[in-house]
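Here are my notes on this entry. Please read them with the coordinates open.

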Amino acid sequence: MYITLEGIDGSGKSTQIQMLAEWLRTNGFSVKVLKEPTDSLVGDLIRKMLRNPSAIQVNFQKSLALLFAADRTLLIEKIMEEEESDRIVLSDRSFYSSLAYQEGEEWITQVNKYAREPDLVILLDLETETALKRCEGKDRFEKKDFLNKIRNKYLALADKHGFMVVNANSGINKVHADIKKIVAPKIGICF
Ligand code: TYD
């Protein structure tokens, strides 16, 4: 099973993914946590490029979209191997981050043709203002208008692709409980 958490910067994905992994392990499951961008050379390049203040410009975004797709391609086999070893794969972001952040749905879909479709997508949704406050000091896509647009794209994608949407502003433990409630029936355990 390949489960991914999606959401704008500051939505709490990394905290929630660790809590979810811990809960699954306590319940006897083997879990592998992944993150996009990955720690590959392509991922390093992406992180370097994201530090450039021009990162939100259209051409820069097109170039990033290709790099995100390349980085993700390196994950295909890894996800397959983990699943073959009966591990639940939890991923902080997926192909859907590219659909939300980069422009051009058709093109993004094409260049990500080989990416693995997650079995479950959980969207952590919250007000852009709140997310921005949590990211203070970081300097990537933290322009309010930009993140607002991404949030709305995520909500539209959620509608279209049937993501499970969780209110990410209800406190760490409540968010965790909401996520457990979604995951439990998928893996056949009680919550
Ligand atoms: P993020 O998970 O926010 O990194 P960190 O935990 O280090 O803050 O990811 C880095 C940025 O990359 C984030 O702003 C979202 C962006 N991103 C895309 O624009 N497209 C993609 O396909 C992916 C995977 C990430």
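How many nonpolar, polar and charged residues does the shell around the ligand have? The points below start there and then move to the sheet. Keep in mind that this is a predicted model.

1. Shell by class. Five residues of the shell around the ligand are nonpolar, four are polar and five are charged.

2. Who sits at the ligand. The ligand has 14 residues around it. Those that come nearest are E36, F68, S97, S98 and Y101. Helix α5, residues 95-101, gives the most to this shell, with three residues.

3. Sheet order. The sheet is open and has five strands. Read across, the order is β2-β3-β1-β4-β5, with parallel pairing. The edges belong to β2 (30-35) and β5 (164-167); each has a single partner strand, so one side of each is left without a neighbour in the sheet. From one strand to the next, the twist averages 20°.

4. β1 and its partner β3. Strand β1 covers residues 2-6, and β3 covers residues 87-92. The two run parallel and are joined by four bridges. Check two positions here. T4 stands opposite S91 of β3. L5 has D92 as its bridge partner in β3.

5. β1 and its partner β4. This pairing is also in the parallel sense, over four bridges. On this side, E6 stands opposite L123 of β4.

6. Burial of β1. Is β1 mostly covered or mostly open? It is mostly covered, with five of its five residues buried. In a regular strand, side chains alternate between the two faces of the sheet. For β1, Y2, T4 and E6 lie on one side, while I3 and L5 lie on the other. Both faces are covered, and all of these residues are buried. E6 deserves a look in the viewer: it is buried, and its position opposite L123 places it beside β4.

7. Helices on the sheet. Which strands does helix α1 lie across? Helix α1, residues 13-26, lies across β1, β2, β3 and β4 (120-125). Its direction runs at about 170° to β3. Helix α8, residues 144-161, packs on the sheet as well, touching β1, β4 and β5. The direction of α8 makes about 150° with that of β4. Strand β1 thus appears in both lists: α1 lies across it, and α8 touches it.

Methods
Residues are numbered from 1 along each chain as its sequence is written. This is a predicted model: local features need pLDDT of at least 70, side-chain atom pairs count only at pLDDT 80 or more; totals for chains, interfaces and linings use all residues. Two strands pair if DSSP finds at least two bridges between them. Axes are lines fitted to C-alpha atoms, for helices over the stretch in contact, and angles run from 0 to 180 degrees between N-to-C directions. Two residues are in contact if their C-beta atoms, placed from the backbone, lie within 7 Å. A residue is buried if 20 or more other C-beta atoms lie within 10 Å of its own, exposed if 12 or fewer, and partly exposed in between; C-beta atoms are placed from the backbone. A residue is near a molecule or strand if its C-beta atom, placed from the backbone, lies within 6 Å of it. Ala, Val, Leu, Ile, Met, Phe, Trp, Tyr, Cys and Pro count as nonpolar, Asp, Glu, Lys and Arg as charged, and the others, Gly among them, as polar.
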